[in-house]
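I opened this entry to keep a record of what I looked up, beginning with contacts along the chain and ending with the cysteines.

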Amino acid sequence: MAAVFAISVRRGKYDTIDTAWGLGFALIAIVSFGLSDGDILVTALTVVWGVRLAVHLHVRNHGKPEDRRYAEILGRAEGDPRLHMLRVVFLPQAVLMWVISLPVQVAQSGGLTWLDAAGAALWAVGFAFETVGDAQLSRFKADPANSGKVLDTGLWRYTRHPNYFGDACVWWGIYLMACDSWWGAATIVSPLVMTSLLARGTGKPLTERHLGASRPGYAEYVARTSGFVPLPPKGTR
């Protein structure tokens, strides 16, 4: 994170941390694998998830102005804005990355069990939701005819945040893979923190606040569509 902060300051843009978020988990998985007996399955799944997320966010942010979240944080800075970003964004994300990655680290010392199969299955469901949801949103935004409109087809018909729901499933799956020991089960803080961030923290609430102010039909979409867990739209059950 110190290196990412230095790069961000040099670039004059702080959205570099979005790309580094996924790559950081991949790096933690690889280092943990190398320093232990090594669980190739949990390592591979974490690396695939992290690299896919990093590539997606890098492509999304490339050539765009500073992300509105970071622009707002910079606008509230008192004193040196660089130190403000370090304290408010980079250091907290470094701590979160370590806490959320605990199951990945602990799972490296265990053997393959039925929990690995269950966790990998849940990971696959989450990865599919996240990947397909992001792809559908990217295609929707790329069409100028959709400017100002609300995406309510595909996975977005059943949940307002298929990518966030998928992200949560990925980390509950990785947690299950660590649960073949009591200390692995104790890392439940990881998926709880990730799910909380996505559903109640910097994910869903911030996104919906922005969309509610910029999309005329968003209130109607919210009224009929599940906020997180995929469900049939209201009125169609």
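I looked up the contacts in the protein with a separation of 6 or more, and found that residues 24 or more positions apart account for 75% of them. I note here that the model is a predicted one.

I then went through the secondary structure, where I found twelve helices and zero strands, so that the order from the N terminus on reads α-α-α-α-α-α-α-α-α-α-α-α. The radius of gyration is 19 Å, close to the 18 Å that the globule rule gives for 237 residues, and I therefore put the protein down as being as compact as a globular protein of that length. For the outer dimensions I noted that the C-alpha atoms fill a box of roughly 55 × 55 × 25 Å along the principal axes.

Next I turned to burial and surface. Of the 237 residues in the protein, 44% are buried, and the accessible surface comes to about 12,100 Å², with 67% of that area belonging to carbon and sulfur atoms. I also looked up the charges, of which 23 are positive and 18 negative, and the mean positions of these two sets lie 8 Å apart.

Last, I asked how many disulfides a search of the whole structure finds. The search finds zero. For Cys169 the closest cysteine sulfur is that of Cys179, and because the two sulfurs are 15 Å apart they are too far for a bond, a disulfide needing sulfur atoms within 2.5 Å. Starting from Cys179 I came back to Cys169 as the closest, again at 15 Å. I added that Cys169 is buried, with a relative accessible area of 10%, which falls under the 20% cut-off for that term.

Note on methods:
Residues are numbered from 1 along each chain as its sequence is written. This is a predicted model: local features need pLDDT of at least 70, side-chain atom pairs count only at pLDDT 80 or more; totals for chains, interfaces and linings use all residues. Side-chain values use heavy atoms; hydrogens and water are left out. Helices (H or I, at least four residues) and strands (E, at least two) are DSSP runs, numbered from the N terminus. The radius of gyration is taken over C-alpha atoms; the globule rule is 2.2 Å times the number of residues to the power 0.38. Buried means under 20% relative accessible area, exposed over 50%, partly exposed in between (1.4 Å probe, protein chains only). Contact means heavy atoms within 4.5 Å. Accessible areas come from the Shrake-Rupley method with a 1.4 Å probe; for residues, only the protein chains shown count as cover. Lys and Arg count as positive and Asp and Glu as negative; His and the chain ends are not counted. The place of a charge is taken as NZ of Lys, CZ of Arg, CG of Asp or CD of Glu.
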